[in-house]
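Reader: I would like a close look at one part of this protein, taken slowly and with the cut-offs spelled out. Please begin with a single side chain and work outwards from there.

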Amino acid sequence: MSGMQAAGMWPRFEDGAPVDIGSEALLPGGTGGCKVFRVTVDEFGWSAYGFGGRTAVGGPETRVRRPPVLGRDGKAIEPGDVVYGEDGLNWLVTGIRWDKGDHVVEAAARGETKQLKPVWLTHQRPDSWLLLEADAAKGACAYFGSESCECGGCPHDMDPGCNVVMAMDIVRRAKALAWVGTDE
């Protein structure tokens, strides 16, 4: 088999980029992601070998998927998602690209575009001092998300009372934001 024929048989990702040694990949027929450590090509197609005993075979039309980019909350991050960074800002994911085997999440917020580290992203808005201050100004019904303020049906309407439960929750959140232990 010539070098040109072998290159045409080499496994490729869905975006057409070649699967390189060291790439993170979801091999066809596999049960999870792995790091590719060896690829062989012959006249029948390709074989890819990943750590953890994962292997796959395919031909020039068989595409290898990249593993999803996961946020700290364990959910896959996709273009169009709104995620929150350590800075507390909500970022709109505008794209995900791959650079030398690593993913790069591009996002925009307040007219700024930057590359985010997915390990710090979450789909849920993190608590902040500004949110805590705004929540402290609410009444107990609004704090707990009740649309009507009728006592008796709220799960927080218990002894010692919803206002006390709200105050205790605000103190808990403040300790968490200040990184103070709960037993102090």
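Author: Cysteine 34 has a relative accessibility of 3% and so counts as buried, a word used here for a relative accessible area under 20%, with exposed meaning over 50% and partly exposed the range in between (1.4 Å probe, protein chains only). This is a predicted model, in which local features need pLDDT of at least 70 and side-chain atom pairs count only at pLDDT 80 or more, while totals for chains, interfaces and linings use all residues. Residues are numbered from 1 along each chain as its sequence is written, and side-chain values use heavy atoms, with hydrogens and water left out.

Cysteine 162 is likewise buried, at a relative accessible area of 15%. The structure nevertheless holds 0 disulfides, a disulfide being a pair of cysteine sulfur atoms within 2.5 Å.

Cysteine 34 belongs to strand 3, where it is the bridge partner of alanine 25. Strands here are DSSP runs of E with at least two residues, and helices are runs of H or I with at least four, both numbered from the N terminus. Strand 2 (residues 24–26) and strand 3 run antiparallel and are joined by 3 bridges, and two strands are said to pair if DSSP finds at least two bridges between them. In general, strands of a sheet pair through backbone hydrogen bonds, either parallel or antiparallel.

Strand 3 is also joined to strand 4 by 6 bridges, again in the antiparallel sense, and these two strands form a hairpin with 2 residues between them. Within this hairpin, threonine 40 has serine 47 of strand 4 as its bridge partner, and arginine 38 is bridged to tyrosine 49, also in strand 4. Arginine 38 and tyrosine 49 meet through their side chains as well, since the arginine lies over the face of the tyrosine, at 4.5 Å from the ring centre; such a charge over a ring requires NZ of Lys or CZ of Arg within 6 Å of the ring centre and within 35 degrees of the ring normal. Elsewhere, arginine 66 lies over the face of phenylalanine 13, at 3.8 Å from the ring centre.

Rings of Phe, Tyr and Trp (its six-membered ring) pair if their centres lie within 6.5 Å, and planes under 30 degrees apart count as stacked, over 60 as edge-to-face and the rest as tilted. The count by this rule is 1 aromatic pair. The pair is formed by phenylalanine 37 and phenylalanine 51, which are tilted, at 4.8 Å centre to centre and with 35° between the planes. Distant parts of the chain are linked in this way, with phenylalanine 37 in strand 3 (residues 33–42) and phenylalanine 51 in the loop between strand 4 (45–50) and strand 5 (54–58), 14 residues apart. Both rings are partly exposed: the relative accessible area is 38% for phenylalanine 37 and 49% for phenylalanine 51.

These strands belong to an open sheet of 4 strands, with the order 2-3-4-5 and antiparallel pairing. Strand 2 and strand 5 stand at the edges, and because each has a single partner strand, one side of each is left without a neighbour in the sheet. On average, and with direction ignored, neighbouring strands of this sheet are turned by 40° against each other, the axes being lines fitted to C-alpha atoms (for helices over the stretch in contact) and angles running from 0 to 180 degrees between N-to-C directions.

A further open sheet of 4 strands has the order 7-8-9-10, with antiparallel pairing. Its edge strands are strand 7 and strand 10, each pairing on one side only, and neighbouring strands are turned by 45° against each other on average, direction ignored. Strand 7 (residues 82–84) is joined to strand 8 (residues 90–99) by 3 bridges, including the one between valine 82 and leucine 92. Strand 8 pairs with strand 9 (residues 102–109) over 7 bridges, and here isoleucine 96 stands opposite valine 105, while tryptophan 98 faces histidine 103. In the loop between strand 9 and strand 10 (112–116) is arginine 110, which has a positive phi of about 50° although it is not a glycine and which, at 75% relative accessibility, counts as exposed.

As a wider setting, the protein has 4 helices and 10 strands, and 28% of its 184 residues count as buried.
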